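These are my notebook entries from a first reading of the structure shown below. I kept them in the order in which I looked things up.

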Protein chains: 2
Amino acid sequence: MQSRSPAAGRPGRPRSAAADAAILAATREALVELGWSKLTLGDVATRAGVAKTTLYRRWSGKNELVVDAVAELFDELCLPDRGSLAADIEGVVLQFAAILARPEARGGLMAVVTEATRDDALRARIRASIVDRQKGLVLEGRSRAQQRGELPPETDPEESARTVDLIFDMVAGAVVHRTLVSGRPVDEEWVRGFTQILLRGLAAPS
Amino acid sequence: MQSRSPAAGRPGRPRSAAADAAILAATREALVELGWSKLTLGDVATRAGVAKTTLYRRWSGKNELVVDAVAELFDELCLPDRGSLAADIEGVVLQFAAILARPEARGGLMAVVTEATRDDALRARIRASIVDRQKGLVLEGRSRAQQRGELPPETDPEESARTVDLIFDMVAGAVVHRTLVSGRPVDEEWVRGFTQILLRGLAAPS
DNA sequence: GCATTACGCTACGACTCGTAGCGAAAGCGT
DNA sequence: ACGCTTTCGCTACGAGTCGTAGCGTAATGC
């Protein structure tokens with residue numbers, strides 16, 4: 001996507017955009033059927049109807065390919081204004097959960113995060129194409145809540161940045177853990193309870 | 001461990017307990033050096049000084065082996081009484097974070113969780129040897145807080161069980177996400193902010 | 001037409017997988 | 001002491017995947 005070849009007005013035959021799309025779609029399909037560990041690049045190439053060499057000319061390996069394939073799933077994330085901070089949180093959490101509920105996202109996202117533990121370049125790629133977009137939603141939601149008077153305005157900008165990171169880890173982490181570790185669905189009931197605690201805290205009366 | 005051969009008074013040569021320990025230690029060592037995807041069972045066998053066939057006689061594959069190797073890391077988790085709910089939370093979060101900071105836990109734990117997405121037996125094994133122990137700490141901490149009067153007593157037992165699951169996902173999820181996705185350390189400052197939000201909520205004044 | 005690049009195809013050595021077969025070693029009961 | 005049973009280390013094996021190289025062909029810009 002953003003990091004791959006610009007292909008600006010170079011001489012010679014241009015790369016097929018259709019092949020790109022077919023490869024990414026085939027990757028997601030294989031991810032559903034086989035899972036991360038049994039997914040092979042040769043199989044993806046066959047599914048996409050391209051040669052294995054074509055695949056290697058565009059992606060350096062399994063990790064990079066799957067990051068791009070999974071990142072497309074997060075394009076649909078947005079933050080419609082629902083009138084209150086609680087409603088905004090519930091909306092975006094349900095969106096995020098809906099994406100994670102898809103099997104190609106479950107296995108794929110977790111696998112690349114695992115690999116990113118030992119690969120800084122891969123981690124940067126994940127951050128740029130997936131994580132930063134999500135964090136932007138947190139920023140937007142807080143800004144709206146401050147305008148509504150639901151949250152106090154920022155004082156220290158550095159403190160403010162830390163809080164955004166913290167909230168982001170709490171929201172995304174809880175949804176991911178619920179979905180992938182506990183293995184239970186993120187339904188409306190769960191989201192209500194989660195939002196309640198996030199906004200008012202554990203000590204508050206239910 | 002609990003699920004493997006009981007080896008009760010059978011005839012014949014008993015299995016070497018030293019080999020078990022050597023294999024698990026070698027697995028963690030290989031996990032640090034190579035990471036999940038490049039770890040091979042042949043390599044682990046060589047490091048442990050045993051034959052590859054011996055390894056396959058005890059574990060059915062990479063997943064099961066790594067679960068057992070990583071599970072040992074969580075044996076040290078406990079919940080010392082620090083006098084208040086906030087202090088208890090901070091204590092156990094720092095313990096959990098210290099384990100996750102070790103490279104053999106980062107890659108290994110995430111990898112087996114990823115694989116568990118498509119393997120129910122593996123998920124059950126993870127739950128039994130890792131997750132349930134953590135959830136027990138949540139239960140214990142809430143019980144103490146209720147005795148201190150920091151939390152309201154339970155009314156509906158079913159509602160109560162849901163709340164424990166929710167808190168568990170929020171705590172563990174946030175720490176895991178901070179460590180593995182955001183890639184930033186869980187230090188005392190972060191833990192203070194996290195506990196503050198978990199107990200008093202976002203809307204509370206800082 | 002010509003240079004340049006992408007593409008499909010085949011083939012290749014290197015590696016890992018998981019299993020089978022063998023002889024030797026280590027315990028247990030008599 | 002003697003077998004019986006099970007484990008262990010070793011070697012070897014077919015199957016599968018990896019990532020690359022080479023080749024002829026297709027598509028684009030000048």
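Which atom of DNA strand D is 3.2 Å from an N or O atom in the side chain of A:R13? I looked this up first, bearing in mind that the model is a predicted one, and I found that the partner of the A:R13 side chain is a base nitrogen.

**Entry on DNA strand D.** I then looked for other contacts to bases, and noted that a base oxygen of DNA strand D is 3.1 Å from an N or O atom in the side chain of A:K52, while a polar side-chain atom of B:T53 lies 2.9 Å from a base nitrogen of this strand. Around DNA strand D I found 22 residues, of which the closest are A:Y56, B:G12, B:T53, B:T54 and B:R58. By class they divide into 6 nonpolar, 9 polar and 7 charged residues. I also looked at the strand's own side of the contact, where 59% of its atoms within 4 Å of the protein belong to sugar or phosphate and the rest to bases. At least two residues each come from α2 (41-48) and α3 (52-58) of chain A and from α3 (52-58) of chain B, and α3(B) gives the most, with 4 residues.

**Entry on DNA strand C.** Here I counted 23 surrounding residues, and the closest are A:G12, A:R13, A:T54, A:R58 and B:Y56. The surface has 7 nonpolar, 9 polar and 7 charged residues, and of the strand's atoms within 4 Å of the protein, 56% belong to sugar or phosphate. For a base contact I noted A:T53, with a polar side-chain atom 2.9 Å from a base nitrogen of DNA strand C. For phosphate contacts I noted two backbones: a polar backbone atom of A:S16 is 3.0 Å from a phosphate oxygen, and a backbone N or O atom of B:L41 lies 3.4 Å from a phosphate oxygen. The elements giving two or more residues to this surface are α3 of chain A together with α2 (41-48) and α3 of chain B, and α3(A) gives the most, with 4 residues.

**Entry on the two protein chains.** How are chains A and B placed relative to each other? I found that a rotation of 180° with 0.0 Å of shift along its axis superposes chain A on chain B, with an RMSD of 0.1 Å, and the two copies are thus related as by a two-fold rotation axis. The copies meet through the same surface, because 100% of the interface residues of chain A are also interface residues in chain B.

**Entry on cysteines.** I searched for disulfides and found 0 over all chains. A:C78 is partly exposed, with a relative accessible area of 40%, and for B:C78, also partly exposed, the value is 40%.

Key:
Residues are numbered from 1 along each chain as its sequence is written. Chains are lettered from A and ligands numbered from 1 in the order in which they are written. This is a predicted model: local features need pLDDT of at least 70, side-chain atom pairs count only at pLDDT 80 or more; totals for chains, interfaces and linings use all residues. Side-chain values use heavy atoms; hydrogens and water are left out. A residue is near a molecule or strand if one of its heavy atoms lies within 4 Å of it. A polar contact is a pair of N or O atoms within 3.5 Å; within protein, one must be able to donate a hydrogen and the other to accept it, and residues adjacent in sequence count only if both atoms are side-chain atoms. Ala, Val, Leu, Ile, Met, Phe, Trp, Tyr, Cys and Pro count as nonpolar, Asp, Glu, Lys and Arg as charged, and the others, Gly among them, as polar. Copies are superposed by least squares on the C-alpha atoms of residues with pLDDT of at least 70 in both. Contact means heavy atoms within 4.5 Å. A disulfide is a pair of cysteine sulfur atoms within 2.5 Å. Buried means under 20% relative accessible area, exposed over 50%, partly exposed in between (1.4 Å probe, protein chains only).
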